[in-house]
Amino acid sequence: MHAYNRLPSSSGHSTPSPPQSPLRSPRYNRLSKSRSVRFPATSQPRTLAQRFAWILLSVLLRRQGIFLFAPLIYISGMLLYMGTVSFDVGPIITHRPAPGSVYRSPQLYAKLRPEMDSDNSTVDAMSTVWRHFHKGVEWRPCIKNSSGGLPESNGYLLVEANGGLNQQRTSICNAVAVAGYLNVTLVIPNFHYHSIWRDPRVVRISPFANRLSMNAPPAVQRLRCLANYEALRFSHPILDLGEKLVARMKEKSANTSGKYISVHLRFEEDMVAFSCCVYDGGDKEKTDMDIAREKGWRGKFTKPGRIIRPGAIRLNGKCPLTPLEVGLILRGMGFNKYTAIYLASGKIYNAENNMAPLFKMFPLLQTKEMLASEEELAPFKNFSSRMAAIDYTVCLYSEVFVTTQGGNFPQILMGHRRYMYGGHSKTIRPDKRKLALLFDNPNIGWKSFKRQLLNMRGHSDSKGIEIKRPNDSIYTFPCPDCMCRTNKSEDSKASTAT
């Protein structure tokens with residue numbers, strides 16, 4: 001038997017049998033196996049999308065050559081799509097302004113006005129605004145006047161007081177302090193005096209508003225306090241008219257026991273122009289502002305390369321508040337329409353339109369032009385510093401002072417009011433960065449709006465008594481250089497004992 005054949009043949013001979021030839025090549029076997037793959041019954045597609053994907057996958061597996069034509073199909077599809085689009089029209093890119101960057105306060109006012117007018121809250125905001133005021137400790141003026149004689153003068157000091165009313169005030173007070181410290185005779189400034197004395201002992205400093213450091217020795221600080229809060233007075237005609245207007249404001253506010261609010265509003269044409277902010281005046285406003293900027297600051301805002309971004313200015317809280325926005329703030333803070341308000345301001349830009357909503361919200365609003373007769377104002381009308389001095393006097397004696405923009409006027413007035421009211425400024429300073437976002441919220445309701453404004457009012461209240469820090473102005477923060485801290489309970493005991 002052959003080694004390779006163990007089965008006997010029928011003929012009795014054993015012959016080797018050749019191996020069977022393969023029916024298909026190895027490559028065919030692999031393809032056959034791949035084609036014979038079947039998904040389990042449980043994974044059969046059920047939804048229409050799954051069936052479509054199943055069919056597509058099957059076609060791709062059976063027709064692998066289709067991948068060679070995929071780029072051609074894609075390009076053809078793109079050309080077919082682009083053929084339906086006109087090449088004369090570019091893509092439309094929509095730019096959405098950042099929240100708070102656009103002036104939309106009139107739209108907010110129109111939305112909130114029905115709820116505002118129907119708000120029948122009877123809480124007297126005038127009596128509740130200073131919740132953090134009397135807490136057992138207050139400050140009182142403690143400037144000691146020198147009763148001794150004057151030593152022989154070492155010379156003369158001549159200063160030129162530059163700027164507006166309050167810069168001039170600062171110049172005078174600083175000059176008094178320097179003259180006292182150097183033991184020289186201060187020549188009363190002539191604000192437009194430019195000649196130089198021939199006396200060799202004369203020192204002439206011009207300008208002088210901010211030449212003296214706020215961190216001076218105690219003796220210098222004491223002289224500053226004495227000059228600003230005790231010695232310095234307006235001339236009699238200004239003081240007399242100012243006191244008359246104060247009395248008339250108290251009459252107008254009889255329903256709040258003679259207490260009234262004063263608002264310093266900076267919405268004059270030059271202020272709006274300088275801010276570079278955009279409001280709702282359209283092309284006319286743009287033309288007016290361009291003319292005002294060129295007239296007041298020739299070429300300053302049109303220099304090559306200078307970029308002005310009104311939206312960023314508004315978001316940073318640098319835009320002057322409009323009369324409408326001031327009305328929204330005060331109504332939101334709880335002051336009802338029967339609150340008497342004194343408005344300290346120059347000539348309001350586009351006053352006929354811009355002042356109308358404020359008068360609707362506060363019918364008892366008054367200005368110096370409304371309180372005084374034309375004859376009474378005639379001696380002061382053509383002098384901006386004199387008109388500002390009248391405003392200063394009426395604001396000084398108000399129960400609440402509202403500042404809407406920075407500057408020397410509100411800063412010095414706040415300090416003066418702290419000196420008069422036990423260290424408390426009784427000043428509302430709205431956060432204009434938060435207001436920019438709040439005024440640009442189309443979905444806010446009156447209750448939510450009012451709640452946020454009340455929180456802002458409370459913040460102003462808690463910041464009423466502030467102590468001077470390094471580099472702060474002594475004319476804004478008189479504590480502790482010009483005032484002494486006292487315990488109210490001890491003072492009351494002492495008064496009871498006497």
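Author: A cavity is a set of grid points where a 1.4 Å probe fits but cannot get out, and its lining residues have an atom within 4 Å of a point. The model discussed here is predicted.

Reader: What makes a residue part of the lining of the largest cavity, and which residues lie nearest its centre?

Author: A residue counts as lining if it has an atom within 4 Å of a point of the cavity. For the largest cavity 15 residues do so, and Arg314, Glu325, Lys432, Ala436 and Phe439 lie nearest its centre. Helix α19 (residues 432-438) contributes the most, with 3 residues. The space in this cavity is about 110 Å³, and the structure holds 1 cavity of 30 Å³ or more.

Reader: Why is the space of about 990 Å³ called a pocket?

Author: A pocket is an open set of points, whereas a probe in a cavity cannot get out; the space of about 990 Å³ is therefore named the largest pocket. Its lining comprises 37 residues, and Arg266, Glu268, Asp270, Gly346 and Ser384 are the closest to its centre. Elements giving two or more residues to this lining include α6, α17 (384-396) and α18.

Reader: How do you know that strand β8 and its partners are paired?

Author: Pairing requires at least two bridges. Strand β5 (residues 261-264) and β8 have 4 bridges in the parallel sense, so they qualify. Within that pair, Val263 stands opposite Val402. Strand β9 (residues 427-428) is joined to β8 by 2 bridges, also running parallel, and therefore qualifies. There, Thr427 is the bridge partner of Phe401. From β8 the chain passes through helix α18 (residues 408-420) to β9 in a right-handed β-α-β crossover.

Reader: Which way do the residues of strand β8 point, and are they buried or exposed?

Author: Val400 and Val402 point one way, Phe401 and Thr403 the other. In a regular strand the side chains alternate between the two faces of the sheet. All four named residues are buried, so each has under 20% relative accessible area.

Reader: What makes the crossover from β2 to β3 right-handed?

Author: Strands β2 (residues 156-159) and β3 (residues 185-187) pair in the parallel sense over 3 bridges, with Leu157 matched to Leu186. The chain crosses from β2 through α6 to β3. With the strands pointing away from the viewer, this path runs clockwise, so the crossover is right-handed.

Reader: How do you know that the reach of helix α7 is close to the expected value?

Author: Helix α7 (residues 218-231) has 14 residues and reaches 18 Å from first to last C-alpha, against 20 Å expected at 1.5 Å a residue. Its buried residues include Val220, Leu223 and Tyr229, and the elements covering the buried residues include α6 and α18.

Note on methods: Residues numbered from 1 in each chain as written. Predicted model: local features only at pLDDT ≥ 70, side-chain atom pairs only at ≥ 80, totals over all residues. Heavy atoms only, no water. Buried < 20%, exposed > 50% of the residue type's maximum accessible area, 1.4 Å probe, protein only. Expected span 1.5 Å × (residues − 1). Contact = heavy atoms within 4.5 Å. 1 Å grid on protein atoms, 1.4 Å probe; cavity = no way out; pocket = protein on both sides within 12 Å on 5 of 7 lines; lining within 4 Å. Points joined across faces, edges and corners; volume = space filled by probe spheres on them.
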